[in-house]
Amino acid sequence: MQVDDGFWRLRLYKAVVADLNEFFAAFLSDYCCNCPQVIARLPEAAGESFELVAGVYPGCCHRGAGDIFRLEGVGVERSHLAPELVAALQQERAQLLRRDNRVVRGGAYTIRRLADQTTVRGAHCRYFGPQGCTLGVLKGPLCINFICPPIRDDLLAICNDDPDLVGPEEDFLFIYRTLAVISYEDPFRAEAEVDLFRQRLLGVKELCRSFAESSKCKSLFDYFNSTQEQ
Ligand code: SF4
Ligand code: SF4
């Protein structure tokens, strides 16, 4: 691997994250803004209710999550992003944090379990700010790959239960596989894999867009939340 490998790999990595950021903002962010209602759909959450006592509930953005560089997924043989890519990513993150050093990041929150009034304290990811993630295209692999089971169920319903489009449970949109190719293969294979990823994402976006238009709801979250309440 060449010394400057991390930089072209980071360029592709950021392109993938940029596309996903746009997709999340258009179709999934409403879920995360209503995280407790989404989590309440999980069978294991039946009868469980929590209230926020202090701070901001960060959804999935808990301490440490942004610094996990693990890759999982079917057929993904490498277990982590390439060290060169992680180094380039961390270098750009450090520059961004120095540049935007007035933004308050991190923090803590407390929730109370209504069943027995016990309280639980949690810590935010150190990149979590008042408007959510402050890393933009520099967020980590787990941040772009994880969707909780209720979101996955809804996307599968929209995508005609096609796992080739949505990807397997442990590898949403085959993002880990794409990141593994970006990490370890040559530039031609990596570019081709990013093209395939973009085609897949475009397919999901088109289905989400036409579903949202035909359902006439404010958001996908709104539509599926209302069907749960009926
Ligand atoms: S992915 Fe699911 S669990 Fe995570 S913040 Fe969004 S709604 Fe909440
Ligand atoms: S890096 Fe951003 S998206 Fe990832 S856990 Fe931290 S705040 Fe959330």
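## Helix 7 and its surroundings in a predicted model

Helix 7 and helix 8 cross with a left-handed sense. The model in which this crossing appears is a predicted one.

The residues that form the contact are Thr-178, Val-181 and Ile-182 on helix 7, together with Arg-189, Ala-190, Glu-193, Val-194 and Phe-197 on helix 8. Sorted by class, the residues of this contact are five nonpolar, one polar and two charged. As to geometry, helix 7 spans residues 175-184 and helix 8 spans residues 187-215, and their axes come within 8 Å at a crossing angle of roughly 160 degrees. Helix 7 therefore runs roughly antiparallel to helix 8, since an angle over 145 degrees counts as roughly antiparallel.

How many of the 10 residues of helix 7 are buried? Nine of them are, and the helix is thus described as mostly covered. The buried residues are Ile-175, Tyr-176, Arg-177, Thr-178, Leu-179, Ala-180, Val-181, Ile-182 and Ser-183. Thr-178, Val-181 and Ile-182 appear in this list and also belong to the contact with helix 8. The cover over the buried residues of helix 7 includes helix 8 as well as helix 1 (5-33), helix 3 (83-99) and helix 4 (141-145).

Two loop residues merit separate attention for their backbone angles. Asp-161 has a positive phi although it is not glycine, and Phe-174 likewise has a positive phi as a residue other than glycine. The table sets out their values.

| Residue | Phi | Loop | C-beta atoms within 10 Å |
|---|---|---|---|
| Asp-161 | near 55 degrees | between helix 5 (149-158) and helix 6 (163-166) | 10 other C-beta atoms |
| Phe-174 | near 55 degrees | between helix 6 and helix 7 | 25 C-beta neighbours |

Is Asp-161 buried or exposed? Asp-161 is exposed, because 10 other C-beta atoms lie within 10 Å and a residue with 12 or fewer counts as exposed. Phe-174, by contrast, is buried because 25 C-beta neighbours lie inside 10 Å, where 20 or more suffice for a residue to be buried.

A further site in the model is the shell of ligand 2. Which residues surround ligand 2? They are Cys-61, Ala-65, Gly-66, Cys-125, Tyr-127, Phe-128, Cys-133, Leu-135, Lys-139, Gly-140 and Cys-143. By class, this shell around ligand 2 comprises eight nonpolar, two polar and one charged residues. Among the members of the shell are the cysteines Cys-61, Cys-125, Cys-133 and Cys-143.

Note on methods:
Residues numbered from 1 in each chain as written. Chains lettered and ligands numbered in written order. Predicted model: local features only at pLDDT ≥ 70, side-chain atom pairs only at ≥ 80, totals over all residues. Axes fitted to C-alpha atoms, helices over the stretch in contact; angles between N-to-C directions. Helix = DSSP H or I, 4+ residues; strand = E, 2+ residues; numbered from the N terminus. Parallel < 35°, antiparallel > 145°, perpendicular 65-115°, else oblique. Left-handed = near helix turned anticlockwise from the far one by under 90°. Contact = placed C-beta atoms within 7 Å. Nonpolar A, V, L, I, M, F, W, Y, C, P; charged D, E, K, R; others polar. Near = placed C-beta within 6 Å.
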